[in-house]
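Please load the model in your viewer and keep the selection panel at hand. The stops below are meant to be followed in order, each one naming what to select and what to look for.

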Amino acid sequence: MSGLEQRNMWLDAMIKIADPVLCHLAEGTLKTSLPLEFHSERKAFAPLEAFGRTALGIAPWLEAEGLTGEEAELQKKYREKMLLCLDKATDPDSPDYMDFADTGEQPLVDAAFLSHAIVRAPKQMGEAMDERVKKNLIAALKKTRRVHPQGSNWLFFTAMVETVLYLLGEEDWDKMRIDYAAHMFDVWYKGDGVYGDGKNFHWDYYNSFVIQPMYVDICRVLAPICPDYAKRLPEAQRRMARYASVLERMIGPEGTYPVVGRSIAYRFGAFHALAQTALQHELEPHLTPAGVRCGLSAVIAKVMQADAMFDENGWLRPGVYGFQPELAETYINIGSLYLCSAVFLPLGLLPEDAFWADADAPWSGKAVWEGGHITIDHALNE
């Protein structure tokens, strides 16, 4: 399968996943359409979870300039749809007005994922909003300040919300909340490209789901105005590049990957950090963009081929390969599952980028188990 054919496969998968969320929200019918029976005690949070996490993955593609033909027309349609969704989600008079921390702590998480989406699409989601929608969004995001984050990856949720408030031009953005998250994760760094989630190390994908992508993008936004973040950025990038290399080596010859740790039902969202590192052209030198493309393509194809991944109306169902509800923790509802969208970040690269244009190449796991040759693995020495 050529790079262009793989791109079309990724695009089809992204739209299949995102379409129910964005289409219903644009029409103001998400709350009445999204399945809420699975872990129904979490149903109040599900709409914002579904929207924030879908937006997180689709944002770079919306932001991309220079697409042509049918893909450009499709992009235009979803750019317009995303602006409608931002309006419906934040207008207090909308039937789909979302809970941004009126009840419980969970809305902080998905306000942060939505904020990260805007960081990734500052023109098509940030600047393209009219002033009324922007005012409503800012008011909604500020409501999350009532939540006191846990000493874990949650610190980056408050930090990301404050980062996007800065990006949206709010004068009272709170740099201290960002500084605290950055400082604590510097303290919790364990070495070799891995942070603790809090003071302890966890065998899971939270370095990929949240920690490293948010840390790097917060540094990227603030580096031009804050010397301390300009200093932090290269180090955060090196650490994420090393971690991305480890993720690449986790992809097996058939596109499988280790089912380990909590939140595994986020499926190929486990490769968020690898996808972002490829998007930002920051892969370590021994990895080729085409090899990463082919590895992620194998993962996407493997996961998407499973029966019962979607219900009869096209909504995601919990599991890793198909419908496996036992793999979803009690904090996971149907909306939570849309963090899988994070794998699609490289669609923000144009088709002529080396990631898509270069000839197919084997990823590490495929090359080795076919008797091929790869670069020996090395720890990140700091």
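**Starting at arginine 79**

Select arginine 79 first: with a relative accessibility of 17%, this residue counts as buried, the cut-off for that class being under 20%. Bear in mind throughout that the model is a predicted one.

Now add glutamate 65, with which arginine 79 forms a salt bridge whose closest N and O atoms are 3.7 Å apart. Because arginine 79 lies in helix α4 (residues 69-90) and glutamate 65 in the loop between α3 and α4, the pair ties together parts that are 14 residues apart in sequence. Glutamate 65, for its part, is partly exposed, at a relative accessible area of 48%.

**Along α4 and α7**

Extend the selection to the whole of α4, where the buried residues include Glu71, Gln75, Tyr78, Arg79, Met82 and Leu86. Displaying the surroundings shows what covers these buried residues, including α1 (3-26), α3, α5, α6 and α7. If you place a distance between the end C-alpha atoms of α4, the value is 33 Å, which agrees with the 32 Å that its 22 residues should span at 1.5 Å a residue.

Move next to α7 (131-142), whose 12 residues should span 16 Å, in agreement with the 16 Å between its end C-alpha atoms. Colour Val133, Lys134, Asn136, Leu137, Ile138, Ala140 and Leu141, which are buried in this helix; the buried residues of α7 pack against α4, α5, α6 (122-127) and α8.

**Two further salt bridges**

Select glutamate 162 and arginine 145, whose side chains meet in a salt bridge with an N to O distance of 2.9 Å. Glutamate 162 sits in helix α8 and arginine 145 in the loop between α7 and α8, so that this pair links distant parts of the chain, 17 residues apart. Glutamate 162 counts as buried, at 2% relative accessibility.

From there, go to arginine 293 and aspartate 360, another salt bridge, with its closest N and O atoms 2.5 Å apart. This pair also links distant parts of the chain, 67 residues apart, with arginine 293 in helix α13 (residues 289-304) and aspartate 360 in the loop between α14 (354-357) and α15 (364-369). Arginine 293 is buried, with a relative accessible area of 0%, whereas aspartate 360 is partly exposed, with 43%.

Then return to the earlier pair and add Lys142, Glu170 and Asp172, since salt bridges that share partners join these residues with Arg145 and Glu162 into one network. The count of salt bridges comes to 29.

**Arginine 239 and its surroundings**

Centre the view on arginine 239, which lies in helix α11 (residues 227-249) and counts as buried at 7% relative accessibility. Leaving aside neighbours within four places in sequence, arginine 239 is in contact with Asp186, Tyr189, Gly193, Tyr195, Gln212, Leu380 and Glu382.

**The largest pocket**

For the last stop, which residues are the closest to the centre of the largest pocket? The pocket holds about 330 Å³ of space, and of the 23 residues that line it, Gln106, Val109, Trp154, Tyr206 and Tyr331 are the closest to its centre. Highlight α3 (46-63), α5 (106-120), α8 (154-167) and α10 (206-222), each of which supplies at least two residues of the lining. Colouring that lining by class gives 11 nonpolar, six polar and six charged residues.

How values were computed. Residues are numbered from 1 along each chain as its sequence is written. This is a predicted model: local features need pLDDT of at least 70, side-chain atom pairs count only at pLDDT 80 or more; totals for chains, interfaces and linings use all residues. Side-chain values use heavy atoms; hydrogens and water are left out. On a 1 Å grid over the protein atoms alone, a cavity is a set of points where a 1.4 Å probe fits but cannot get out, and a pocket is an open set with protein on both sides within 12 Å along at least five of seven lines; lining residues have an atom within 4 Å of a point. Grid points are joined across faces, edges and corners, and a volume is the space filled by probe spheres set on the points. Helices (H or I, at least four residues) and strands (E, at least two) are DSSP runs, numbered from the N terminus. Ala, Val, Leu, Ile, Met, Phe, Trp, Tyr, Cys and Pro count as nonpolar, Asp, Glu, Lys and Arg as charged, and the others, Gly among them, as polar. Buried means under 20% relative accessible area, exposed over 50%, partly exposed in between (1.4 Å probe, protein chains only). Contact means heavy atoms within 4.5 Å. A salt bridge is a side-chain nitrogen of Lys or Arg within 4 Å of a carboxyl oxygen of Asp or Glu. The expected span of a helix is 1.5 Å times one less than its number of residues.
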